[in-house]
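Colleague: Could you take me through the largest pocket, slowly, and then the salt bridges? I'm new to this, so please explain the terms as you go.

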Amino acid sequence: MRIELENAGHHAGIGAVTRAAFAGGDEAELIERLRADGLVRLSLVAVDGERVVGHVLFTTLHVVVDGRIVDALCLAPVSVLPQYQRRGVGSMLIRDGLARCKALGGEAVVVLGHAAYYPRFGFSADLASKLAAPFAGEAFMALELVAGALAGDAGEVVYPPAFGIDGGH
Ligand SMILES: CC(C)(COP(=O)(O)OP(=O)(O)OC[C@H]1O[C@@H](n2cnc3c(N)ncnc32)[C@H](O)[C@@H]1OP(=O)(O)O)[C@@H](O)C(=O)NCCC(=O)NCCS
C-alpha cells in the first residue's frame, strides 16, 4: 500500500472508489466539479498494486475570521473501498494529507463528517462553531494547521458553487 499524488491515470479509479464508498451518492460528480473549477489543492490516492483503493481531496475554501482571510481548505470527500476499510487506509490518507496541506501553506482545514471519526486527527466542532456556515453541530469541524489560524470572535465559511449548497455558502 502506498500513498501517491493524484495524476490523470488515477481519475477512473478515484471515481470507482468514491462510488463504491458512498454507494450512489453525488460525491464522484462533486470531485469532477471541483476539478473543473480549479479548486483542487491536494488530491492523494492510496494504491495497492496498481489499484486505487482510497482517495482524499482537499480544496480551496473561503474562510474569514474577524475580517481576516484564512488560507483554508475543505477536506471532502474521503473514500476507501469497502473491502479495504478499517485497516488504517483512511487515517493514512488524512494524516498524510494534513501534513502536506500544511507544507503547502494551508492554515486551517474544515470538514463536515462523522463526529466520531475526525477528532482523532485534531478536528474540533467547538473550533468550527464560531464560523457561520450552512452547517452547524457536531459534524461540522475545523482544525488549525497553524496555531491561532482561526483565533478570533466570529467568522464565516463560504462554499464554492461546486458543492451545490443553497444560499451561496
Ligand atoms: C470513513 C472512511 C474514509 C474511513 O476509512 P477507513 O480506512 O475505514 O478508516 P481507518 O481504518 O483509518 O479508521 C477506522 C476507524 O474509522 C471509524 N469509522 C469508519 N467509518 C465511520 C463512520 N461512518 N462513523 C464513525 N467512525 C467511522 C471506524 O470505527 C474505525 O474506528 P476505530 O479505529 O475506533 O475502530 C471509510 O470508512 C469510507 O470510505 N466510508 C464511506 C465514505 C464516507 O463515509 N466518507 C467520509 C464522509 S465524512
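Modeller: Sure! Sorted by class, the lining of the largest pocket has 19 nonpolar, seven polar and five charged residues. Here Ala, Val, Leu, Ile, Met, Phe, Trp, Tyr, Cys and Pro count as nonpolar, Asp, Glu, Lys and Arg as charged, and the others, Gly among them, as polar.

Before going on, keep in mind that this is a predicted model: local features need pLDDT of at least 70, side-chain atom pairs count only at pLDDT 80 or more, and totals for chains, interfaces and linings use all residues. Residues are numbered from 1 along each chain as its sequence is written, and side-chain values use heavy atoms, with hydrogens and water left out.

A pocket is an open set of points, on a 1 Å grid over the protein atoms alone, where a 1.4 Å probe fits, with protein on both sides within 12 Å along at least five of seven lines; lining residues have an atom within 4 Å of a point. The largest pocket holds about 900 Å³ of space, a volume being the space filled by probe spheres set on the points, which are joined across faces, edges and corners. It is lined by 31 residues, and F22, V78, H114, Y117 and Y118 are the closest to its centre.

Which elements build that wall? At least two lining residues each come from α1 (11-22), α2 (27-36), β4 (68-80), α3 (89-103) and β5 (108-112). The largest share, seven residues, is from β4. Helices (H or I, at least four residues) and strands (E, at least two) are DSSP runs, numbered from the N terminus.

Now the salt bridges, meaning a side-chain nitrogen of Lys or Arg within 4 Å of a carboxyl oxygen of Asp or Glu. The count comes to five. One of them joins R35 and E6 at 3.4 Å, N to O. That pair links distant parts of the chain, 29 residues apart: R35 sits in helix α2, and E6 in the loop between β1 (2-5) and α1. R35 is partly exposed, at 23% relative accessible area, and so is E6, at 22%; buried means under 20%, exposed over 50%, and partly exposed in between (1.4 Å probe, protein chains only).

D71 also bridges to R41, with the closest N and O atoms 3.0 Å apart. Because D71 lies in strand β4 and R41 in strand β2 (residues 40-48), this pair ties together parts 30 residues apart in sequence. D71 is partly exposed at 28%, and R41 is partly exposed at 28%.
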